[in-house]
Each structure stands twice: as structure tokens, then as C-alpha cells.
Amino acid sequence: MLQKPESGALPISQAEREMDGSHDGETQALTASQEMAPSPLLQERPEEDLGAVREEGATEPSLTPKGARALAAKTLARRRACRRLDRTVAELVQFLLLKDRKKSRITRSEMVKYVIGDLKDLFPEIIARAAEHLRYVFGFELKQLDRKHHTYILINKLKPIEDEEEALRGDGPRLGLLMMILGLIYMKGNSAREAQVWAMLRRLGVRPSKYHFLFGYPKRLIMEDFVQLRYLNYRRVPHTNPPECEFSWGPRSNLETSKMKVLGFVAKLHKKEPQHWPVQYREALADEADRARAGASVRARSSTHLW
């Protein structure tokens, strides 16, 4: 059965607080990531929203050529820093998964030494974002075991995604990846270009053509398993030069899940209600009504045949 991770704040007893005196930055960041932060995994280019922030209703002042160049350089530097931070988060996720697979102790010092490096001042933000990725995509919760020595453990938090007998079945990480792709397709208007799917994988720290210990070769998994098992359709986009291909839902996905279920999955990733996306929500409601009418028609025909 398709599974989703269970979320929850890190439990810290009153005694622990008294012993330590106060929350440290990374504990606060982990707790906040589990309670508040939406997942950015389905965003196409999140760094594009990180330009100069203006108050609502404020007018943009006129700039001299020198001022315009300075603003452009500042914006470019901010975007480069954002891209580097994204790469570091993805690398940390893979590092933590490998450490867990080997059942090795996870420590802050190793994370800083082998992955984070000179970004150590951003450790609370980096580990909070890595915890989001681990929870939403891989079904693991990152817990702090020892706040004094900064040691961590990954806990498998996968559980059934509702009591849906028709839900997709199989191992959690691979079907979690499939649900991510189905969600991307639906949010893009029921089709997603091949390049968009590969870009989403890279944001997860997964290279499409490189072996991954959870997914095998991700591109092969998608093209051979998901497509051949009819969970996804793959076709050439007409009138594109150079040629482009796109993915859409396959017949098996339409049978085993629904637009409303996938929209609910996306909504949980972003900590929002399905109604936050009114176009997709109306389409999902219409799909539910069509399914209900089709089911009623089948039941009516079956009843007639019995008599």
C-alpha cells in the first residue's frame, strides 16, 4: 500500500530542558521543520522568488545605472548562494541515508566535515530542510539522540496513507517517488515534460542516470518499471524542435488512485488544504463525481443482470 510519513515534533522532556538550560538552534530548527515548514519539492525554481523583497504596495524607486548594476549583482549573488544551499541540503540527505544504511552513528561533526563545510553557520537551516526531504520523500524522521554530543538517528515513520484498499502497493520509497511524479504531472496540467521530471529528481539529490541505493537507476525505474507497468504514459510532444517528450498518468494510476488522493498528497507536502489550488481542486471534484456515476452505473447493470 502506498505510504506516507508520519510527522511530529521532537519530544523533549522538561528534565532535558532543565539539564541543558535551553533549546539549541538545531533542535529548534528540527522541531520547526516538522511543525511548520512546507515542502519545496514540487517547486520548479524556488530561488526565483528570492529577489529583493518589497512591502506590499511599495513602488520601486528609480535607479541610476550604477545602482542597477549593484542590485543585479546582489540578486545574482543571492541566487548563487541559494543554489549552493540547495545542493548542500540534497548532499546531506544522501549522506544521512547512507549512514543509516550502514547503521553508523550520525554526528554533527561528521555532517560539517564531509558535507556542510564552510556553511556550518547555516547548520540549523540546512538540517531542518534535510529533515523535510527525509520525511516527505523517504519516510524517515530525523531525531536527535544526544543533544550534548549532537548525535542523531533516522526512524522509519512510514504508515498506510489512509484505509484505501485500492492504493498503490509496494515499497515506500519507490512508490513515494511515483506519487511525487504523479503530483508533479497533475499540478502541471496533467502532463509534465521529461526535463521537468529529471529536474525534480535533482532537487531531491537523486541523479536520474546514477545508481541510487533506494531506487536503483532512477531513470530506468521510471522508464522501464513505471512506464511498462502502465503507471505512466510517455510520448513525444508534437511539433517540438529539438524533440521533447512528456509524461502523463497511465491507465493503472487512474485505476488505483485518483486526482483527489494525489492532490491530498501534494497538499500534505506543502502543509496546505487541497482548496489552496482551486483549479486542480475543481477538477478533482469533477473526477470524483465521474467515478461515483460510473460506479453507480456498473452496480445498476449488475443488479439488472441478477434478475
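Two strands count as paired if DSSP finds at least two bridges between them. The views below show a predicted model.

**Figure 1. Overview of the predicted model.** The protein has 307 residues, and 41% of them count as buried. Its secondary structure comes to eleven helices and eight strands. Among contacts with a separation of 6 or more, 65% are between residues 24 or more positions apart. The protein exposes about 17,600 Å². Carbon and sulfur atoms supply 52% of that exposed area.

**Figure 2. Strand β8 and its two pairing partners, β6 and β7.** Strand β8 covers residues 245-249. Strand β7, residues 232-236, runs antiparallel to β8, and five bridges join the two. Strand β6, residues 192-193, also pairs with β8 in the antiparallel sense, over two bridges. Look for Phe-247 in β8. Ala-192 has Phe-247 as its bridge partner. Tyr-234 stands opposite Phe-247 too. Five of the five residues of β8 are buried, so the strand is largely enclosed by the rest of the structure.

**Figure 3. The open sheet of three strands.** The strand order is β2-β4-β3, and the pairing is antiparallel. The edge strands are β2 (106-107) and β3 (140-146), each of which pairs on one side only. Two bridges join β2 to β4. On that side, Thr-107 faces Thr-151 of β4. Six bridges link β3 with β4, which spans residues 151-156.

**Figure 4. The β3-β4 hairpin, with its bridge partners and turn.** The two strands run antiparallel. Follow the opposing residues along the pair. Leu-142 is matched by Leu-154, its bridge partner in β4. Phe-140 stands opposite Asn-156 in β4. Four residues lie between the strands of this hairpin. His-150 takes a positive phi there, near 55°.

**Figure 5. Helix α5 against the sheet.** Strands β3 and β4, joined over six bridges, are shown again here. Helix α5, residues 123-138, packs on the sheet and touches both β3 and β4. The direction of α5 makes about 135° with that of β3.

**Figure 6. Helix α7 and the glycine that follows.** Helix α7 covers residues 194-203. Which of its residues are buried? They are Glu-194, Val-197, Trp-198, Met-200, Leu-201 and Arg-203. The charged side chains Glu-194 and Arg-203 are thus part of the buried set. Gly-205 comes after the helix. Its phi is positive, near 80°.

**Figure 7. Two buried cysteines, Cys-82 and Cys-245.** Buried or exposed: how does Cys-82 count? Cys-82 has a relative accessible area of 12% and is buried. Cys-245 has 18% relative accessibility and counts as buried as well. The cut-off for this label is under 20% relative accessible area, so the value of 18% for Cys-245 falls on the buried side. How many disulfides does the model contain? A disulfide requires a pair of cysteine sulfur atoms within 2.5 Å. By this rule the count is zero.

Terms used:
Residues numbered from 1 in each chain as written. Predicted model: local features only at pLDDT ≥ 70, side-chain atom pairs only at ≥ 80, totals over all residues. Heavy atoms only, no water. Buried < 20%, exposed > 50% of the residue type's maximum accessible area, 1.4 Å probe, protein only. Contact = heavy atoms within 4.5 Å. Axes fitted to C-alpha atoms, helices over the stretch in contact; angles between N-to-C directions. Areas by Shrake-Rupley, 256 points an atom, 1.4 Å probe, with all protein chains shown as cover.
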